[in-house]
Amino acid sequence: PHTHKHTPTDPYLLAPRSKSKIGALTEMRQMVVGARNLHRSLSWLDAAGNPPLDLGTRYLVDQTTATLVVGHAEVTVVAATDRSYATVTNPLRPVFELSGATLPSNETIIVVFVPRREQRSGLLHPLIIHELGHAANKRHNLVARVLATEPGRKELLAVTGEARKNAEASAKGTAGADELAAVAEDVAARFVAWIEEAVCDAIAAHILGPTYLYSFMAIVGTSDIDAAGDEHPATRQRIRLLLTQLDGLGWHDVLAHAAPNIDEWFREAARNAPGHADPDVACCEAALDCLYREIVDVVVDHLDGLVFHARDFDPIREEIGGLLTLGIPPCQTVTRAPIGRAAIILGSWLFAVGAQGGDLDALAVAADVPELSLLLPKALQDAAMLEAWEAQS
């Protein structure tokens, strides 16, 4: 019988030496990553043609983006299976640049990822506004504006100086200048990322009021609220900053009266802050607290009047609750005045929390109250139509 010698076609088996084999493995891994990124990008195209969000929420996202980022931005919301809420701005720009093509400098494309399990949970969609804050920062350099203030420059220098001192003490004088500089750079990058998160939290809180705090805590309230990372400050600190901002906008009594047990839990979480064992984390946290006023000032200036105050909600709070109780989408008052989208979502949150008993468990299940799955999207949609009608009148 004839025998045929098998010729391998696998690039790894064909590689003549170990260095070449390593190169072949690296190339194959890059191809796998490229294929995964391609599949992920295809989901963006699917979402553009078949949006995962209801029409009312899409109106809210588009109109907020036009004010917050830029009027001609293109926003695609993707229901993701393996991610939390996240944002990518101009994700394909590097691809176009590699191909020799260029996008217009004023072109802004935003992809927002929403967990697939929550795409129908309208009460959690306010978290998208936080994500749009990242796009606003990329477009308008909001963090740079915070750091350009005198307190901002002072705190950044303090953070990097403390990091150098801590690294030198840890190395017992053996650390070189390059090593100390690298440590300071890493800590500075963490501090800048934390400021960006605080800016995005402030944007969402000023646009939506307590709605954002409820949405935020419904997602992260059961996690380790003292864990701090390279990208995010500890949840406890974020709660503290959010409550301070909301109290400044007059929301203290609304939070206390609407759901006293939940409000007490928020404030208890904000107060009980253990000391961090990592001195660099402790330094960044203290510096971020010191920049509270500068962060708020930059955000309010950027929003240019798009701020939701308690005084805007108090006169219509009971009316919104009454309409929801009757199964009517709350988009218009009895005097036929349009109800703002921020008031609609907050009224829906308070209705859902009250319907579930108003305790801590209510916060966890409020987003799935069945009545709101139809009423809230319809109310947001009709409110957008009414606003457009009023603008044309």
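Which residues lie nearest the centre of the largest pocket? In this predicted model, they are Tyr-85, His-130, Glu-131, Glu-197 and His-232, and the lining as a whole is made up of 26 residues. The space within the largest pocket amounts to about 550 Å³. Rolling a probe the size of a water molecule over the atoms shows where empty space is left.

Before the pocket is examined further, the overall chain deserves a description. The protein chain has 393 residues, and 47% of them count as buried. Its secondary structure consists of 19 helices and three strands. Among contacts in the protein chain with a separation of 6 or more, 78% join residues that are 24 or more positions apart. The chain exposes an area of about 20,100 Å², of which 55% is supplied by carbon and sulfur atoms.

The pocket may now be considered in terms of the elements that surround it. Strand E2 (86-89) and the helices H5, H8 (177-208), H9 (210-220) and H10 (235-248) each supply at least two residues of the lining. The largest share, seven residues, comes from H5. Sorted by class, the lining holds 10 nonpolar, nine polar and seven charged residues.

His-130, one of the residues nearest the centre of the pocket, belongs to helix H5, which covers residues 127-140. His-130 counts as buried because its relative accessible area is 5%, and the limit for a buried residue is under 20%. Which residues does His-130 touch, when its neighbours within four places in sequence are left aside? Its contacts are Glu-197, Cys-200, Asp-201, Ala-204, Tyr-212 and Arg-238. Glu-197 is itself among the residues nearest the centre of the pocket.

Helix H9, which contributes to the lining, is largely enclosed by the rest of the structure, because nine of its 11 residues are buried. The buried residues of H9 are Pro-210, Thr-211, Tyr-212, Leu-213, Tyr-214, Ser-215, Phe-216, Met-217 and Val-220. One of them, Tyr-212, is in contact with His-130. Another, Tyr-214, forms one aromatic cluster with Trp-265, Phe-266 and Trp-349.

The aromatic side chains can be followed further, for the structure holds seven aromatic pairs. One of these pairs is formed by Trp-251 and Phe-313; it is tilted, with 5.9 Å from centre to centre and 50 degrees between the planes. Trp-251 lies in the loop between H10 and helix H11 (252-258), and Phe-313 lies in helix H15 (residues 310-313), so the pair ties together parts that are 62 residues apart in sequence. Both Trp-251 and Phe-313 are buried.

Helix H8, another contributor to the lining, also contains Arg-190. Is this charged residue buried or exposed? Arg-190 is buried, since its relative accessible area is 15%. Apart from its neighbours within four places in sequence, Arg-190 is in contact with Gly-229, Asp-230, Asp-280, Val-281 and Cys-284. Although Gly-229 is 39 residues away from Arg-190 along the chain, the C-alpha atoms of the two are separated by 8.1 Å.

A further example of parts brought together comes from helix H19 (residues 370-392), where Gln-381 is placed. Gln-381 is partly exposed, because its relative accessible area is 22%. When neighbours within four places in sequence are left aside, Gln-381 is in contact with Leu-55, Gly-56 and Tyr-59. The C-alpha atoms of Gln-381 and Pro-329 are separated by 9.6 Å, and these residues are 52 positions apart along the chain.

Finally, the backbone calls for attention at two loop residues. Most residues other than glycine have a negative phi. Asp-304, however, has a positive phi near 50 degrees; this residue is situated in the loop between helix H14 (292-303) and H15. Asp-304 is exposed, because its relative accessible area is 68%. Arg-336 likewise has a positive phi, of about 70 degrees, although it is not a glycine. Arg-336 is found in the loop between helix H16 (317-325) and helix H17 (341-355), and its relative accessibility of 65% means that it too counts as exposed.

Note on methods: Residues numbered from 1 in each chain as written. Predicted model: local features only at pLDDT ≥ 70, side-chain atom pairs only at ≥ 80, totals over all residues. Heavy atoms only, no water. Helix = DSSP H or I, 4+ residues; strand = E, 2+ residues; numbered from the N terminus. Buried < 20%, exposed > 50% of the residue type's maximum accessible area, 1.4 Å probe, protein only. Contact = heavy atoms within 4.5 Å. 1 Å grid on protein atoms, 1.4 Å probe; cavity = no way out; pocket = protein on both sides within 12 Å on 5 of 7 lines; lining within 4 Å. Points joined across faces, edges and corners; volume = space filled by probe spheres on them. Nonpolar A, V, L, I, M, F, W, Y, C, P; charged D, E, K, R; others polar. Areas by Shrake-Rupley, 256 points an atom, 1.4 Å probe, with all protein chains shown as cover. Phe/Tyr/Trp six-rings, centres within 6.5 Å; stacked < 30°, edge-to-face > 60°.
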